Every structure is written in structure tokens, then in C-alpha cells.
Amino acid sequence: MFISLDHIGKDFRGKPAALDEITLDLPSGMIGLLGSNGAGKTTLMRILCGIIQPTRGEVFIDGHNLAKASVRRTLKKTLGYLPQDIEPYPNLTPLEFLDYVGVLKGIDSKSSRRRQATELVSVVGLASAKDRRIGGFSGGMRRRVGIAQALMGDPKLLIVDEPTAGLDPEERVRFRTLLASLGQERTVVLSTHILDDVAQTCPYVFVLRDGHLRYDGATSGLIGAAKGRTWITAEQVAPPPERTTVVNAITTPRGTRYRVITDNPPAGAVPAEPSLEDGYMALAMLNEGA
Ligand SMILES: Nc1ncnc2c1ncn2[C@@H]1O[C@H](COP(=O)(O)OP(=O)(O)OP(=O)(O)O)[C@@H](O)[C@H]1O
């Protein structure tokens with residue numbers, strides 16, 4: 001599936017543009033979507049899903065303009081969306097809930113819905129709980145029901161908003177492994193604040209900031225933004241040195257070591273191999289002209 005955004009803008013009344021001049025071609029596979037709170041990620045995902053319309057610009061899915069209602073109707077069948085705040089009905093079992101979602105997605109045959117639902121509870125690791133009520137599930141299990149509902153109809157495009165927020169580390173790793181396997185056969189847009197999830201699963205990433213596109217390209221390229229700029233200060237330095245962006249601080253009995261992004265390393269600092277978090281912070285620093 002080929003997705004192209006052409007000069008997308010979105011205004012909400014009385015506010016600065018939530019999105020402005022977003023022009024982007026999405027490759028297939030796993031794509032990370034990063035950005036601070038209010039950057040416009042959810043707005044962009046809702047536009048991609050055809051839930052809301054952009055104020056300016058156009059979205060093309062396989063060359064078809066999403067502004068047309070007929071294209072949005074077709075998209076609904078090939079799209080899976082896992083919103084941030086999904087709460088599957090607590091009184092239903094996963095199979096019942098997936099059957100209901102199948103009806104909403106226009107899968108008319110009951111046997112086809114049943115077959116897909118049964119397959120999907122297995123894919124997301126809920127086979128042994130398929131006849132239990134969702135109300136008794138843990139947060140991680142509910143997320144898995146959420147991803148299963150997004151996969152009803154075998155969508156070619158899967159859009160997931162903060163899917164691992166609030167999960168314990170083990171469940172998070174399981175969940176992102178599941179997403180990565182899904183990304184082998186389809187386009188998956190993963191919006192998250194957890195940079196490690198993107199670093200581990202997404203070869204491609206784009207970054208929004210205040211509604212503007214600040215980066216799109218290889219994840220390794222974003223990490224590269226911090227190359228030669230990532231330093232670990234000597235232990236005695238406190239407070240953090242000036243003209244640096246602090247990524248983290250480790251305090252020991254002898255003092256604090258800061259991991260910083262800077263073009264002017266303080267005396268005694270040693271260079272460090274950058275991570276995606278460093279690249280993301282370096283991009284923010286470059287954008288601010290720090
Ligand atoms: N329905 C709406 N009505 C008015 N303003 C909105 C609406 N939806 C989003 N906005 C505004 O658009 C901007 C972008 O919001 P959006 O939810 O897309 O950001 P986000 O990157 O998803 O943030 P977060 O990481 O906090 O979820 C914000 O200023 C927000 O207040």
C-alpha cells in the first residue's frame with residue numbers, strides 16, 4: 001500500500017495549526033511516528049484513517065484521493081486503527097467483541113467473522129482467554145484485544161497510537177515483537193513516546209513538532225543527528241553544564257554524570273555512542289537553534 005501526504009494542514013478553531021505543510025511518502029513496513037505532546041500525531045493518524053478531513057492538502061492511498069467518500073469507504077475495509085483510549089466492552093468475551101467489530105467493518109459472513117476472530121485471538125496470544133469476559137483482563141490483555149480488533153478484515157495499513165503505554169516491560173516487549181511481525185506483511189504506523197520501541201522495531205521514522213514535520217527518513221539517520229554531539233560529563237559536574245541538552249543524569253556517591261548533547265563539550269567529558277533518544281534530542285536542539 002502506497003500512502004502519500006501532500007501539503008497537509010489542519011486547523012482547529014482559535015488555535016495555531018495542529019498540522020502544517022506535511023508532505024510525506026510512507027514506505028511499507030514499520031514506521032515510527034514521534035513527537036512531543038500536542039505535536040499533532042493523533043490528528044495526523046485520524047486524517048490517515050479518514051476519521052477527520054484535513055483543512056488543506058490531500059492524502060492519497062494507492063493513488064486514490066482520500067477526500068472522496070468512496071475512497072474512505074474502501075479504506076475502512078483495508079485499515080486497522082488502534083486508538084490510544086480504546087476500551088473494549090467489558091461484558092463481552094474477545095470472540096464476541098471481535099465478531100461485533102467484524103460487523104462494523106462490513107464483514108457480512110458470520111462464519112468468516114468467527115474464523116478470523118478465532119485466528120486473531122491466537123495471533124495476539126489470547127487463545128486460552130477467548131471465552132472469558134474482557135472486564136477481568138489485565139491492561140496488557142486489553143491492549144491485545146485492541147490490536148486484534150484492529151486486525152479484523154486483514155488490513156494492509158495498521159495505525160497504532162501509543163500501544164505500549166502503561167504496559168509492564170515484559171508485556172511491552174511481547175507487544176512490540178507482535179507489531180514487528182505484523183509489519184512484515186503490511187504498513188504499520190506506530191505512534192509512541194517510547195523511543196526504544198521505535199529503535200527496536202522501525203527502520204523508518206518521522207518526527208512532528210508543533211504541527212510541522214521535522215524529520216522523515218531512516219531511523220539510523222535520526223540517530224546520526226547526535227553523532228559527535230553525545231557526551232558523558234565527568235562525575236563532579238553539577239549542575240548540568242551550560243549550552244547543552246541533558247538527556248539523562250546518573251548520580252553516584254561521588255557526584256553526577258550527565259549525558260548531554262552539545263557541540264561544545266565541557267572539559268573532561270567523554271564521547272558516547274548515540275541512541276535514538278540522543279538523536280531525537282539533538283534534532284530538538286538543532287530545531288531550537290541551541
Ligand atoms: N478535536 C479537537 N479540537 C480542538 N483542538 C484539537 C482537537 N484535536 C486536537 N486538537 C489540538 O491539536 C493539537 C495537536 O493535538 P494532537 O492530539 O494531534 O497531538 P499529539 O501529538 O497526538 O499529542 P499527545 O502526544 O499528547 O497525544 C493540540 O494543540 C490539540 O489541542
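Begin by selecting tryptophan 231 in this predicted model, and then look across to strand E14, where its bridge partner is proline 271. Tryptophan 231 lies in a pair of strands that is easy to follow from here, since strand E11 (residues 230-232) and E14 run antiparallel and are joined by 2 bridges.

Next, widen the selection to the sheet, in which 4 strands stand in the order E12-E13-E11-E14, with antiparallel pairing, and the sheet is open. At its edges you will find strand E12 (245-252) and strand E14 (270-271), each of which pairs on one side only. Now add residues 276-288, which form helix H9; this helix lies across E11, E12 and strand E13 (255-261), and runs at about 130 degrees to E12.

Then colour the protein by its domain assignment, which gives domain 1 as 3-92 + 150-219 and domain 2 as 225-288. The C-alpha centres of domain 1 and domain 2 are 31 Å apart, while the contact takes 9 residues from domain 1 and 6 residues from domain 2. On the domain 1 side of this contact, select helix H7 (195-201), strand E9 (204-209) and strand E10 (212-218), the elements that give two or more residues to it; H7 provides the largest share, 3 residues. By class, that side of domain 1 has 6 nonpolar, 1 polar and 2 charged residues.

Finally, move to the ligand and select the residues around it, among them Phe12, Lys15, Asn37, Lys41 and Thr42. Helix H1 (residues 41-48) contributes the largest share of this shell, 3 residues, and the shell divides into 3 nonpolar, 6 polar and 2 charged residues.

Note on methods
Residues are numbered from 1 along each chain as its sequence is written. This is a predicted model: local features need pLDDT of at least 70, side-chain atom pairs count only at pLDDT 80 or more; totals for chains, interfaces and linings use all residues. Two strands pair if DSSP finds at least two bridges between them. Two residues are in contact if their C-beta atoms, placed from the backbone, lie within 7 Å. Axes are lines fitted to C-alpha atoms, for helices over the stretch in contact, and angles run from 0 to 180 degrees between N-to-C directions. A residue is near a molecule or strand if its C-beta atom, placed from the backbone, lies within 6 Å of it. Ala, Val, Leu, Ile, Met, Phe, Trp, Tyr, Cys and Pro count as nonpolar, Asp, Glu, Lys and Arg as charged, and the others, Gly among them, as polar. Domain bounds come from an automatic or database domain assignment.
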